[in-house]
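These are my notebook entries on one protein model. I record what I looked up, one topic at a time.

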Amino acid sequence: MEKNIVNLEINIENLNVSIDNNGLLKNINFKIEKGEVVALVGESGSGKTLTAKFILGILPERSVVAYDNFCKTQKIGAVFQNSFTSLNPTVKIGNQLKRLYQSHYGNYGDWTKKVVHLLEKVGITNIDKFLKKYPHESSGGEKQRVAIAGALIADPDVLIADEVTTALDLKTKFEVINLFKNIRKELGITILFITHDLMSIKNFANRVYVMYKGEIVEENTCEKIFLEQTHPYVKRIIGFSNTLWTRDK
Ligand SMILES: Nc1ncnc2c1ncn2[C@@H]1O[C@H](COP(=O)(O)OP(=O)(O)O)[C@@H](O)[C@H]1O
Ligand SMILES: [Mg+2]
């Protein structure tokens, strides 16, 4: 019989982070198993991005960090809300992806094959033409897709998506979420989806952590969190989003 081995991609036990004597992350316990979509939800300033930065090892140098245990897979990719603003406006999209390939693999190797494959996966059509475009010649949704393709170049085991749908209109938002569903299904990548928008994770995430003022105040499966909550803040936001989505009688 096959053993039921839990395969942890990320495990954090009792993490505390302070910057300039402000306790910004407090007693964070957090884990992601292989193949999961885990959502990290919370209002602006609650500590979501700092948690992602800790995982990626890019906290500000003056941060004071303590934890009981931390382990993670080597290969973690990340896309941030403003990833597309980091696209260089004066360099064609194809050349930017080519350079990104080179920065990961040390050579240009088979960059076209890889990049075309990934752009197909993220739903870009007419790829030959697209690669010759400058960033300003593509839409917001396309730029976000390029950022996602860029994060996939290094074949990550885990992809962290931090507020990637925040600046997008509703239609594009759902397209990008569907894209993440496909990335998980077709490429087998584990996803940490960070957002302040609770509704975007419905029918998408497996488990949810809710952050409030630097702490994880609630943890549950995605199905259950919409039905039962213990922390007052979580009750409030779920109640609010349920009201928003309920038709007046
Ligand atoms: N580099 C930094 N220096 C000092 N404080 C920071 C820094 N980055 C974030 N913070 C503070 O940490 C808290 C959490 O920030 P952040 O993780 O970015 O929140 P979120 O992503 O949930 O909106 C905020 O109060 C923010 O002001
Ligand atoms: Mg943030």
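**Entry 1. The largest pocket**

I began with the lining of the largest pocket, whose residues divide into 10 nonpolar, 6 polar and 2 charged. I note at once that the model is a predicted one. The lining has 18 residues in total, and Leu100, His104, Ala147, Gly150 and Ala151 are the ones that lie nearest the centre of the pocket. I then looked up which elements give two or more residues to this lining, and found strand E6 (76–80), helix H2 (93–105) and helix H5 (140–152). The largest share, 5 residues, comes from H2. For the volume of the largest pocket I wrote down about 450 Å³.

**Entry 2. Isoleucine 76 in strand E6**

I stayed with strand E6, where isoleucine 76 has its place. Is isoleucine 76 buried or exposed? Its relative accessibility is 18%, so isoleucine 76 counts as buried, since the cut-off for buried is under 20%. I also compared its position with that of glutamate 43: the two are 33 residues apart in sequence, and their C-alpha atoms are 24 Å apart in space.

**Entry 3. The shell around ligand 1**

Glutamate 43 appears again in the next list that I looked up, the residues around ligand 1. The full list is Ile19, Leu24, Glu43, Ser44, Gly45, Ser46, Gly47, Lys48, Thr49, Leu50, Pro60 and Arg62. By class, this shell divides into 4 nonpolar, 5 polar and 3 charged residues. Which element gives the most to the shell? I found that H1 does, with 3 residues.

I then turned to polar atoms beside the ligand.

- Glycine 45 has a polar backbone atom 2.7 Å from an oxygen atom of ligand 1.
- For lysine 48, a polar side-chain atom lies 2.8 Å from an oxygen atom of the ligand.
- Threonine 49 likewise has a polar side-chain atom 2.8 Å from an oxygen atom of ligand 1.

How much of ligand 1 does the protein bury? Taken alone, the ligand exposes 560 Å², and the protein buries 64% of that.

**Entry 4. Helix H1 and the loop before it**

Helix H1 covers residues 48–56, and I listed its buried residues as Lys48, Leu50, Thr51, Ala52, Phe54 and Ile55. As background I recalled that an α-helix has 3.6 residues a turn, so residues three or four places apart point the same way. Lysine 48 is thus on two of my lists: it is buried in H1, and its side chain has a polar atom 2.8 Å from a ligand oxygen. After H1 comes glycine 57, which has a positive phi, near 75°.

Serine 44 lies in the loop between strand E3 (37–41) and H1. Its relative accessibility of 71% is over the 50% cut-off, so serine 44 counts as exposed. This value takes only the protein chains as cover, and serine 44 is also among the residues around ligand 1. I checked one distance from this residue: the C-alpha atoms of serine 44 and glycine 141, which are 97 residues apart along the chain, are separated by 23 Å.

**Entry 5. Positive phi outside glycine**

Most residues other than glycine have a negative phi. I therefore looked for exceptions. Aspartate 20 has a positive phi near 50°. Its place is in the loop between strand E1 (8–19) and strand E2 (22–33), and at 52% relative accessibility it counts as exposed.

Asparagine 27 also has a positive phi, of about 45°, although it is not a glycine. This residue lies in strand E2. With 45% relative accessibility, asparagine 27 counts as partly exposed.

**Entry 6. Two further residues**

Asparagine 22 is found in strand E2 as well. It is partly exposed, with a relative accessible area of 45%. Its C-alpha atom is separated by 9.7 Å from that of valine 64, 42 residues apart from it along the chain.

Where does leucine 168 lie? I located it in the loop between strand E7 (158–162) and helix H6 (170–187). Leucine 168 is buried, with a relative accessible area of 12%. The C-alpha atoms of leucine 168 and proline 135 are separated by 16 Å, and the two residues are 33 apart along the chain.

Key. Residues numbered from 1 in each chain as written. Chains lettered and ligands numbered in written order. Predicted model: local features only at pLDDT ≥ 70, side-chain atom pairs only at ≥ 80, totals over all residues. Heavy atoms only, no water. Buried < 20%, exposed > 50% of the residue type's maximum accessible area, 1.4 Å probe, protein only. Helix = DSSP H or I, 4+ residues; strand = E, 2+ residues; numbered from the N terminus. Near = heavy atom within 4 Å. Polar contact = N/O pair within 3.5 Å; in protein donor to acceptor, adjacent residues only side chain to side chain. Areas by Shrake-Rupley, 256 points an atom, 1.4 Å probe, with all protein chains shown as cover. Nonpolar A, V, L, I, M, F, W, Y, C, P; charged D, E, K, R; others polar. 1 Å grid on protein atoms, 1.4 Å probe; cavity = no way out; pocket = protein on both sides within 12 Å on 5 of 7 lines; lining within 4 Å. Points joined across faces, edges and corners; volume = space filled by probe spheres on them.
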